[in-house]
Structure formats: C-alpha cells, structure tokens
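Colleague: Could you take me through one part of this model in detail, the place where the two protein chains meet, and then what sits around the DNA? I'd like the cut-offs spelled out as you go.

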There are 2 protein chains.
Amino acid sequence: MDDGAAQPHKAKIRRENRTRILVAAEQAFAEHGFAGATMTNIAKRASLPKANLHYYFGTKDELYRAVLDSILEEWISKLNLWRIDADPGTVIKNYIRDKLEFSRRRPQASKVFASEIIHGAPILASFISADLRHLVEQKAAVVHEWVRLGLIKPVDGPHFIFTLWALTQHYADFEVQIRLILGRDALTDDDWESIAGYVEVFVLRAVGLAS
Amino acid sequence: MDDGAAQPHKAKIRRENRTRILVAAEQAFAEHGFAGATMTNIAKRASLPKANLHYYFGTKDELYRAVLDSILEEWISKLNLWRIDADPGTVIKNYIRDKLEFSRRRPQASKVFASEIIHGAPILASFISADLRHLVEQKAAVVHEWVRLGLIKPVDGPHFIFTLWALTQHYADFEVQIRLILGRDALTDDDWESIAGYVEVFVLRAVGLAS
DNA sequence: GTCTATACATAGATAGAC
DNA sequence: GTCTATCTATGTATAGAC
C-alpha cells in the first residue's frame with residue numbers, strides 16, 4: 001500500500017530506521033559475533049520492537065548480510081589509487097593512513113569483517129574469490145611494476161597487500177589487547193598518531209623508501 | 001569413589017577423554033565462535049555423549065576457558081628467548097618462524113584466541129593486563145636496548161612486538177581469505193616457505209638487518 | 001508501518017538408570 | 001564413569017490487533 005519513494009516522509013523514516021538497525025547490528029555483531037548477537041539485543045540498541053527488525057530485514061541472516069555489505073562498500077574503494085604512474089611512497093603512505101583511519105573510526109566494522117573471515121567466510125567467500133581476488137591481482141601487478149622500475153625493493157605483490165591489511169586492521173581488531181598492554185583506557189589522538197608514524201616508517205623501510 | 005590418580009587405567013581414560021573434548025571444542029570454537037559452537041556439536045566431534053562433556057568440564061564456559069588455557073600455555077612461552085645478549089637478527093628470525101609454524105600447525109588455536117580478543121577479551125582481559133602486559137614490557141626493554149646499542153634501527157618496543165603478532169597470526173586467522181585470493185585449495189609447503197621468507201625479509205629490512 | 005503476544009526450535013544443563 | 005531422556009530457558013520468527 002505504501003510506496004516509500006512516492007511519500008517523502010515515510011521514505012525518510014524508513015531510511016532512518018534501516019540505518020538505526022544497521023548501526024545497532026554492527027555493534028552487536030562486533031561485540032558478540034554472529035551467533036552471539038541476538039535480535040532482541042539489537043532491537044533494544046536500536047530502540048525498536050524486535051518485530052520491526054524482521055519487517056525491515058526479514059531474517060537475522062539477511063540483516064547480517066546487509067551489515068557486511070555496508071562495510072565492504074567502504075572497504076574495497078581504498079585500493080583504487082594504486083596506479084603504476086603514481087608515486088609508490090605517496091600511495092603507500094596514504095593507504096596506511098586511510099586504513100588506520102578506518103580502524104579508528106569504524107572499529108566495529110573491522111571486527112565484524114574479521115570475525116566473518118576467521119570463522120570461514122561463510123557469506124563473503126564468493127565475493128573474496130571473485131571481486132577481491134581480481135582487485136588484488138590488479139594491484140599486485142602495480143606493485144611488481146614498481147619493483148621492475150626499481151622504485152621499491154623487491155616484494156611479492158599479494159603478500160605486500162596482505163601485510164598492509166594485517167598491520168592496519170590489527171589496531172582495530174586487537175584494540176582491546178593493545179589497550180590493556182599499553183595500560184590505556186582508550187587510545188588517544190597521540191596514540192593513533194604514533195601508530196600511524198610507526199607503521200608508515202616500518203613499511204617504507206621494508207620497501208626501501210625510508211631509512 | 002574413583003580416584004583417578006590411584007587407578008592408572010581410569011586416569012588414562014580420563015586424560016584421553018579430556019583431550020578428545022578439548023580438541024573437538026577448539027575446532028568448534030574456531031569454526032563458529034563461542035556462541036555459535038554448541039555442546040551437541042562438540043560432543044559429536046568427540047564421539048561422546050553430550051552429558052559427558054558436562055561431567056568433565058561442568059559448563060560450556062568452563063570448557064571454553066580450558067581451551068583458552070591450553071592455547072596460552074604454548075603462546076606465551078615463545079617470547080622467552082628475547083634477551084639483551086642474544087643476536088637480534090637470530091632472535092627475530094626464529095620468532096617469526098616459530099609463530100608462523102604455530103599458525104600453520106594450530107590454526108584453530110590462533111582463531112579461537114583471535115575471536116576472544118576481537119569480541120572484547122571477556123575471559124582473557126585479566127591475563128592480558130597482568131601477565132602479558134608485564135611480558136611485553138620486559139621484551140620491549142630488550143628491543144630498546146638493541147636500539148641503544150645500535151644493533152637495529154630505532155623502533156618502538158611494544159609496537160614492534162604487535163607488528164610481529166599481526167604479521168604472523170594473520171596467516172592463520174585470515175587463512176581463508178588468503179587462500180581464496182591466491183586461488184589455492186590449501187596452502188602448500190611451498191606457500192608456507194614463501195610466507196616465512198617474505199615476512200622475515202620484510203621485518204629484517206624494516207629494522208635494518210637486511211637489504 | 002508498528003507492536004504485543006505467541007509459536008516453534010534448539011540451546012545448555014541435569015536426573016537417574018545402568 | 002557412561003549415557004538416555006528430559007527439563008527449562010532463550011533464540012528466531014510470525015500472526016494479527018492497532
């Protein structure tokens with residue numbers, strides 16, 4: 001009966017509710033994992049009755065997929081600046097900053113993604129073996145071209161990319177461990193600045209772009 | 001009535017059953033997370049009636065703690081060789097090989113640990129903020145001493161340790177993603193050899209011990 | 001579109017025969 | 001010590017009044 005697109009007000013409510021649910025779900029999945037998060041808990045966080053979650057997303061499974069989608073959207077775009085004619089040092093530096101910024105701004109998103117992969121990527125397997133694989137192959141070729149041109153020291157393309165993912169995502173996914181070891185209640189601006197500086201220098205040295 | 005210690009045969013059965021359950025549980029927790037793993041499923045994997053799991057470990061929670069304990073035992077021992085009078089290059093190389101070997105031999109263990117931390121370390125928080133924090137502080141001091149002696153390039157101690165954890169554990173925790181991107185059904189001996197070589201050179205270059 | 005009440009399945013846990 | 005049968009709680013999902 002209702003056509004959201006034709007009724008601006010309802011469309012707005014619809015959009016806002018969907019977003020509220022997605023945010024609450026991302027938080028819950030990050031904290032408790034897919035199985036540990038409950039629709040009841042997500043509903044409470046979103047301040048909506050549980051039945052509404054089912055109205056908007058059907059099943060828990062579909063809600064989870066929607067959360068993953070919203071994460072991938074931002075995730076995959078970040079490798080786009082890797083081009084053969086770009087300066088490797090600048091590209092690498094920007095990528096590290098960008099990924100660390102994501103780890104800081106959306107730590108829950110990173111955790112949901114990590115949890116999905118750790119537990120066998122039941123939902124994302126096809127995305128990884130198609131889109132992501134293709135993207136990594138492209139960007140690995142760029143890395144190898146940089147190597148061939150003598151712009152950076154020899155590194156394996158795919159593994160270099162894995163390295164950057166590991167180093168940057170670690171600070172979101174294992175943030176609790178890092179905080180507890182450093183004795184912090186929360187990572188401060190200064191902490192994140194040292195992290196970025198540390199990772200940047202570490203990686204640039206490894207490819208011969210810093211001493 | 002039964003005293004396991006006094007009755008060798010029963011003690012043996014007891015030990016074997018406990019181990020069978022722990023192995024099955026580690027696998028299940030790795031695959032599905034704490035909440036997603038079920039006692040029924042673990043019992044099936046261990047080929048024992050579900051009631052026996054409760055007989056041996058009481059609750060699911062205690063079983064989970066027992067699994068984590070068995071992992072930590074092996075985890076924490078590996079930093080012991082970091083001493084000021086040891087050769088940094090050798091120490092770092094051995095540590096990388098050792099941790100990667102663990103990632104390869106007990107990928108499930110690494111995943112259970114990762115999942116625990118990602119979801120807020122509800123069980124391990126106190127261990128991390130006491131024992132592990134202390135250990136990292138000690139070993140960070142060793143790193144800084146190496147730096148002071150001019151044996152390696154300047155690096156922050158704790159972050160250097162985090163780096164090694166991130167790089168080595170990534171290959172266990174994100175193994176599915178790596179396999180799918182590399183187009184492998186399983187990582188081969190050769191794959192692991194290249195990984196070890198890659199990580200080793202990457203890290204040694206970063207601290208000035210390889211070119 | 002919203003929300004209360006409820007159906008149905010499955011989880012963790014235990015009682016009690018063996 | 002082992003295992004079947006069962007209890008109770010909680011989870012996902014939906015029916016149906018508003």
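Modeller: Here is the interface between the chains, followed by the surroundings of each DNA strand.

A word on the ground rules: this is a predicted model, so local features need pLDDT of at least 70 and side-chain atom pairs count only at pLDDT 80 or more, while totals for chains, interfaces and linings use all residues. Residues are numbered from 1 along each chain as its sequence is written, chains are lettered from A and ligands numbered from 1 in the order in which they are written, and side-chain values use heavy atoms, with hydrogens and water left out.

Let's start with chain A against chain B. Counting contact as heavy atoms within 4.5 Å, 54 residues of chain A touch 54 residues of chain B. Together they bury about 4700 Å², and carbon and sulfur atoms give 71% of that; buried area here is the accessible area (1.4 Å probe) that two parts lose on being put together, summed over both. Ile118(A), Ile181(A) and Arg205(A) supply 15% of what chain A buries against chain B, more than any other three residues.

Which elements of chain A give two or more residues to this side? They are helices H1 (8–36), H6 (107–118), H7 (125–148), H8 (157–173), H9 (175–182) and H10 (189–206) of chain A. Helices are DSSP runs (H or I, at least four residues), numbered from the N terminus. H8(A) gives the largest share, twelve residues. By class, this side of chain A has 33 nonpolar, 14 polar and seven charged residues. For those classes, Ala, Val, Leu, Ile, Met, Phe, Trp, Tyr, Cys and Pro count as nonpolar, Asp, Glu, Lys and Arg as charged, and the others, Gly among them, as polar.

As for specific pairings, there are zero salt bridges between chain A and chain B (a side-chain nitrogen of Lys or Arg within 4 Å of a carboxyl oxygen of Asp or Glu). Polar contacts do turn up, in 17 residue pairs with both at pLDDT 80 or more. That term means a pair of N or O atoms within 3.5 Å; within protein, one must be able to donate a hydrogen and the other to accept it, and residues adjacent in sequence count only if both atoms are side-chain atoms.

Now the symmetry. A rotation of 180 degrees with 0.0 Å of shift along its axis superposes chain A on chain B, RMSD 0.0 Å, which is the relation of a two-fold axis. The fit is by least squares on the C-alpha atoms of residues with pLDDT of at least 70 in both. Of chain A's residues, Ala206(A) comes closest to the rotation axis, at 2.2 Å (C-alpha). The copies meet through the same surface, because 100% of the interface residues of chain A are also interface residues in chain B.

On to the DNA, where "near" means one heavy atom of a residue within 4 Å. Strand D has 18 residues around it, the closest being Met39(A), Lys50(A), Lys60(A), Pro49(B) and Tyr56(B). Sugar and phosphate make up 60% of the strand D atoms within 4 Å of the protein. A polar backbone atom of Lys60(A) is 2.8 Å from a phosphate oxygen of strand D.

DNA strand C is surrounded by 17 residues, the closest being Arg14(A), Pro49(A), Met39(B), Lys50(B) and Lys60(B). H3(A) gives the most to that surface, with four residues.
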